[in-house]
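Let's go through this one together and ask where each label comes from. The questions are the kind you might ask over coffee with the model open on screen.

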Amino acid sequence: MNTTPHIHAMIVAAGRGSRFGASVAKQYTMLQGRTLLQHSVARLACSDYVDKCLLVIAADDTTAQTLDFALPIDYAIGGAERWQSVQAGVEAISHSGADDSDLVLIHDAARPAVPSNDINQVIEAAMTEPYGAILATPVADTLKESYVYSTAQSELTNETIISNHAHSYAKRTIDRSNMWQAQTPQVFRLGELKRVLAYVLTHNLSITDEASAFEYLDFPIRLVTGSRQNIKLTYPDDAILLAAILTAQS
């Protein structure tokens with residue numbers, strides 16, 4: 001196992017961020033005078049191991065190449081699903097002459113506040129692993145599994161049903177002792193990443209992060225405890241928290 005591999009950094013920025021609900025693609029949301037994408041590249045630039053970055057963008061993206069970044073940038077065109085964008089990035093890295101024992105670092109454009117020390121730690125952990133490592137935080141809140149129950153509301157005067165409402169109710173509390181919230185960066189051996197992405201494609205699987213592809217094949221991915229400041233911009237309220245975190249960090 002190569003414990004001094006080359007690091008290939010990739011930021012996936014081909015999505016629209018539909019849950020965020022803005023007209024502009026989420027990665028181009030402005031915080032403190034810079035886009036999320038610029039912030040995230042700048043964080044990678046602070047790492048001891050990253051000297052350039054591959055941006056995976058949408059085919060119709062006309063913004064990325066107009067921006068100034070803290071690292072030299074290469075580009076690849078992403079797909080409709082996140083894993084397809086990652087696969088496009090992996091193919092670009094492979095075609096550049098990378099070795100299968102090299103490490104691919106995958107980061108979300110919408111995580112602009114990851115501490116540089118966390119980036120270094122997850123890379124160093126992945127260097128000692130056959131498959132890879134990811135940043136994650138132990139779940140602190142009580143976890144509830146829910147069920148949906150529809151209730152008919154009736155008007156008291158004539159008992160006429162006027163509407164139906166579906167609400168979520170607590171079904172049970174889930175033991176959180178072994179639960180973690182995945183973050184990025186996630187860092188994997190290039191050859192093994194290609195292998196699991198091919199498995200996802202062949203079996204038409206649905207994955208929400210790259211580590212879950214490894215889980216399908218029972219390949220162990222190390223969990224590295226990351227900072228709770230490394231939140232992801234998903235909903236509008238997250239922008240307020242991220243602005244405060246970035247201000248505090250600066």
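Q: What makes Tyr147, Tyr149 and Tyr169 a nonpolar patch on the surface?
A: Keep in mind that this is a predicted model. A patch takes residues with over 30% relative accessible area and no salt bridge, and joins nonpolar side chains, Tyr included, within 5 Å. Tyr147, Tyr149 and Tyr169 form such a patch, with about 300 Å² of accessible area together.

Q: How do you know that Tyr169 is partly exposed?
A: Buried means under 20% and exposed means over 50%, with partly exposed in between. Tyr169 has a relative accessible area of 31%, so it goes in the in-between class. You'll find Tyr169 in strand E9, residues 161–174.

Q: How many aromatic pairs does the structure hold, and why is the one between Tyr131 and Phe219 called stacked?
A: There are 5 aromatic pairs. Rings pair if their centres lie within 6.5 Å, and planes under 30 degrees apart count as stacked. For Tyr131 and Phe219 the centres are 4.5 Å apart and the planes are at 5°, so this pair is stacked.

Q: What parts of the chain does the pair of Tyr131 and Phe219 link?
A: Distant ones, 88 residues apart. Tyr131 is in the loop between helix H3 (116–127) and strand E7 (132–138), while Phe219 is in the loop between helix H5 (210–216) and strand E11 (222–225).

Q: Are Tyr131 and Phe219 buried or exposed?
A: The cut-off for buried is under 20%. Tyr131 comes in at 17%, so it is buried. Phe219 has 12% relative accessibility, so it counts as buried too. Both rings also belong to one aromatic cluster, together with Phe188 and Phe214.

Q: Why does the pair of Tyr147 and Tyr169 count as stacked?
A: Stacked needs planes under 30 degrees apart, and a pair needs centres within 6.5 Å. The centres of Tyr147 and Tyr169 are 5.8 Å apart and their planes are at 25°, so the label fits. Tyr147 lies in strand E8 (residues 143–154) and Tyr169 in strand E9, so the pair ties together parts that are 22 residues apart in sequence. Tyr147 has 38% relative accessibility, so it counts as partly exposed.

Q: What makes helix H1 largely enclosed by the rest of the structure?
A: Of the 10 residues of H1 (residues 36–45), 9 are buried, so the helix is largely enclosed. The buried ones are Leu36, Leu37, Gln38, His39, Ser40, Val41, Ala42, Arg43 and Leu44.

Q: How do you know that Asp108 forms a salt bridge with Arg82?
A: The rule asks for a side-chain nitrogen of Lys or Arg within 4 Å of a carboxyl oxygen of Asp or Glu. Here the closest N and O atoms are 2.5 Å apart, and Asp108 and Arg82 form a salt bridge. Asp108 lies in strand E6 (residues 103–108) and Arg82 in helix H2 (residues 82–95), so the pair ties together parts that are 26 residues apart in sequence. In total, the count comes to 9 salt bridges.

Q: Which of the labels, buried or partly exposed, goes to Asp108, and which to Arg82?
A: Asp108 has 8% relative accessibility, so it counts as buried. Arg82 has 22%, so it is partly exposed. Both sit in a network of salt bridges with Arg111, Glu210 and Lys232.

Q: What makes Lys171 and Glu145 a salt bridge?
A: The limit is within 4 Å, and their closest N and O atoms are 4.0 Å apart. The pair links distant parts of the chain, with Lys171 in strand E9 and Glu145 in strand E8, 26 residues apart. Lys171 has a relative accessible area of 53%, so it is exposed. Glu145 has 25%, so it is partly exposed.

Q: Which salt bridge does Glu145 form with Arg172, and how far apart are the closest N and O atoms?
A: Glu145 bridges to Arg172 with the closest N and O atoms 2.5 Å apart. This pair also links strand E8, home of Glu145, to strand E9, home of Arg172, 27 residues apart. Arg172 has a relative accessible area of 46%, so it is partly exposed.

How values were computed. Residues are numbered from 1 along each chain as its sequence is written. This is a predicted model: local features need pLDDT of at least 70, side-chain atom pairs count only at pLDDT 80 or more; totals for chains, interfaces and linings use all residues. Side-chain values use heavy atoms; hydrogens and water are left out. Patches are made of residues with over 30% relative accessible area and no salt bridge: like charges are joined within 9 Å, nonpolar side chains (Val, Leu, Ile, Met, Phe, Trp, Tyr) within 5 Å. Accessible areas come from the Shrake-Rupley method with a 1.4 Å probe; for residues, only the protein chains shown count as cover. Helices (H or I, at least four residues) and strands (E, at least two) are DSSP runs, numbered from the N terminus. Buried means under 20% relative accessible area, exposed over 50%, partly exposed in between (1.4 Å probe, protein chains only). Rings of Phe, Tyr and Trp (its six-membered ring) pair if their centres lie within 6.5 Å; planes under 30 degrees apart count as stacked, over 60 as edge-to-face and the rest as tilted.
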